[in-house]
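Q: Please take a close look at one helix of this model and at its surroundings. I would also like to know how far the coordinates can be trusted.

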Amino acid sequence: MYKLYRSRPYRLLDFLGLRVGQAARYFEEFWALQDVTLDIARGSTVGVIGRNGAGKSTLLKLLSGAGAPTRGEVMLYGRVSALLDLGTGFHPDLTGHENIFACGLYLGLDRAAMETLYDKIVAFAELGPFLHQPVRTYSVGMHMRLAFSVATSVPADIQVIDEVLGVGDAYFFGKCVQQFRRCQEEGRTTVLVSHDHATVLRLCTRCLWIDRGVIAADGTPLEVVAAYTQSVYEERDRAAEAGLSVSGAEVAPAQALRRSGAVGVDSVQFVKAGGVPSRVFSIGEPMIVRIRYHSRVALPQAVVSVTVYRTDGVTVCNAISSMDGAKLDLAEGEGTIEVVFDKLMFGPGEYTVSVGLYPSLDLADSASMQHAVIWHKPQTFLVRQPAGVVMDLGVVRQPVQWRAFAGIEAGASGVATREKR
Amino acid sequence: MNCFHMLFRHRRLIWNLTLLDFRLRYAGSRLGLLWMLLAPLLVLGAYLLLFGGILRVRPDLSSTGLEYGLLIACGLLPWIGFSEGVTRGTASVLAQRNLIKSQVFPMELFPVSAVCAGLIGQLCGILLLLVLLGLQGMLGLNLVLLPFLLILQALFTIGLVWFLSCINIIYRDTSQVVVLMMVLLMFVSPIAYTQEMAPAGLKFVVELNPISYLIEGYRNALLYDQFPNIRKLAIFAGLAFLVLLTGHRYFMRLRRVLPDYV
C-alpha cells in the first residue's frame, strides 16, 4: 500500500532579506497546501482538479519528492517517476535520442537499462526522423510526446503527471489513454493533474478537488467533477453579479427583484412520464423538468431557460422558452413551469441542470442574460445505457434512418449523387 | 566521512554525468572535443607572447623560451582546470533547475561532475605536456605525485563549488562575482611567474593564495622533478579536506530547501 500521511503544510517562503533563517519578518508566508491528509491506494489512478494556483502542482511536487513539506510528512512506497513540466531535464542542444539516455541517467537508470527500454520509448513517441534532431527544434507536442513516453516507460510504482496531456493531438491523446490503462493493469499508481475533466472522468478511479490549499472534495470522479463544475458556475455568476452591481441603474430593477427575493426559483425536479420524480432516465425516454417559482409581481414577459451541462462543463443544450415560441405570462404568487423533453437524445452519462428565470430577455443582447434569477443548486440527472448494451453510444443519440440496397447503385434512395466538376 | 562514501557510491553516476557534461558543452560545435586542447593552447600562446615576448620575463637569465613555456604550462593547466571547475560548478545546480524542481536527484553530484569535467580537460593537457617533457628528457620519479595532486585539487574544488553553487541559487549574483574573483585570483597565482620572482613585500599575497601551493606542487612534480615542500603540501591538503567537509555539510543542510529557490 502506498500511503500519504499528513502531507501537511508546504511553505513557499518569499525571499526578501539576507538570511535563510527562520525570522518571520523576513518572509511573507504562503501556504500552498495546508492540512492535507490523504492515503492513496496502490494501483489507483487519482485525478487532481482545481483552479489555477490552488495547490495542485505543489501536491504533485511533494509526491514526487522534489519538494519537502515544511510541516508534516510524505510517505511513498515505491519508485516515483514524475512528469511535472514539459521536457523536464531535456537539454535543448542534445538530440531526442541523446536526451532519452540523459533522462535515464537522471532517473537513476544506466545505459544498459535504458537500452532495453529505448525501443519502447521511441515507438511510443513516434518522432520519426526528428529523433536525431536537437530537442530545441521540436514542437511543443513533440516535446511532450517524448517526455510522456519516457516518464511512463521507465519502471516505476508511482507516476505523477502534471497537466501536460493537453498539448498532444487527438491521436496521441488516444495513445496516452491506452498507456494509462496499461499502467493501471500493471498496478502502477498514478496521480494526474488535469483541467480536462473528460480525461479525469475517463481515466481516474478517484478524484481530488483542491481549492486554496485544502482538499475541497475527495471521491469518485463523477461526484467531485460535478461539485467542482458547480462551484465554477457559481463563481462565474457571482462575478457577473458583482460586475453588474457596479454597472449601474439600468439593471437595477432586475437586481432588486432578485435581491429582495420578490422573484425566486424554489425547486427543480425531474419527472418521469407517469409523473414520478426520478433522477435516472433511459435514452429515448421522456423527461419533464418541473420548476416551482414564486413572484410577488406579475411577469407578463417572463422567459425561462433550462441549460443542461455535462459534468465536464460542456453545455449540451440550452432550452429558452421565447426561442421555442412559448409565451409565459406568469401571474404573481407561486407557480409551476414544466419543460417537457419529449425524448431524451443525450448519450449516457451524468448531466447538471441550471434554470434561469428572466423577467424579460432579449436574445440579441447578451447582457440581458444577466438579469436572470438563476437557480443553481447541484441538481443532476443520469442518462442510462439501454439494458444489455455495453458499447459506447456517444454523446448524442441522433435519430437516423437505415436503408439497405442490393448492388452498388444508391440511386434508389432518390438522392442525386453530385458529380465532380 | 559520509561525504567520501557518497562520492564513492555514486562514482558511476558521476562519471556518466561528467560525460553528459562534455556532450552538452560541445553539442552543436564543429570542433567539439578539440576545444579541450585548443583553448589552453591559445591561452598558453597568449601568455608566452605577452610575458615571454613583450615583457621578456624569465625565471632566471639562462632559461630559454621553451623552458619558460613549459613553466607557464605547468601553472596554466591546473589553473584552467580549477577555474573552469569553479565557474561551471557554481552555475551547475541552477542550470539543472528543471530537473531539481520535479525529481528526486542527488543534486550534490552536479557540482562534482562539473569539477570532474574541468579536471579531465586539465588531464588531457597534462598528458600532452608529459609527452613534451618526455621528449626533453625532463621527466623524473616525482611524477608519481601527480595523481595525488589531482585528487587534492579535486577535493578542494568540489568543496568550494558545493558551497558556491548553493549560494548561487539563493543569490544569483554569485556566479558573476565568481567570474570576477577568478580573474583577480589568476593574477595572484604564480602562472607566468614563480613564487620566488614576487617581490618580498608582495610575496605574502601569493602565499595567501592556496592555488599557488597547488601550482608549485605541479611544477615540482612535472618540471623540476623535486619532491614538493612537505609543509606547503600539508597545508594545502589540510585546507582541501576542510573545504570539502564544510562544503558538503553546507550543501546537505540546504539541499532540502533548495528546490524552493531554483
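The request concerns helix α2 of chain A: which of its residues are buried, and what do they pack against?

A: The model is predicted, and the account below begins with the helix itself. Helix α2 of chain A covers residues 96-106, and nine of its 11 residues are buried, so the helix is largely enclosed by the rest of the structure. The buried positions are A:G96, A:E98, A:N99, A:I100 and A:A102, followed by A:C103, A:G104, A:L105 and A:Y106.

The partners of these buried residues come from both chains. In chain A they are α3 (111-125) and α4 (140-153), while chain B supplies α2 (11-26) and α5 (97-102). Just after α2(A), the backbone at A:G108 adopts a positive phi of about 85 degrees.

As for confidence, chain A has an average pLDDT of 77, with 79% of the residues scoring at least 70. Two stretches of chain A call for caution. Across residues 1-26 of chain A, pLDDT stays under 50, although the model has 67 contacts beyond four places in sequence for this stretch. Residues 244-252 of chain A likewise stay under 50 in pLDDT, and here the model has six contacts beyond four places in sequence. Where pLDDT is low, the predicted coordinates should not be read in detail. The contacts listed for residues 1-26 of chain A therefore belong to a stretch with pLDDT under 50, and caution applies because low-pLDDT coordinates should not be read in detail.

Methods: Residues are numbered from 1 along each chain as its sequence is written. Chains are lettered from A and ligands numbered from 1 in the order in which they are written. This is a predicted model: local features need pLDDT of at least 70, side-chain atom pairs count only at pLDDT 80 or more; totals for chains, interfaces and linings use all residues. A residue is buried if 20 or more other C-beta atoms lie within 10 Å of its own, exposed if 12 or fewer, and partly exposed in between; C-beta atoms are placed from the backbone. Helices (H or I, at least four residues) and strands (E, at least two) are DSSP runs, numbered from the N terminus. Two residues are in contact if their C-beta atoms, placed from the backbone, lie within 7 Å. pLDDT is the predictor's confidence in each residue, from 0 to 100.
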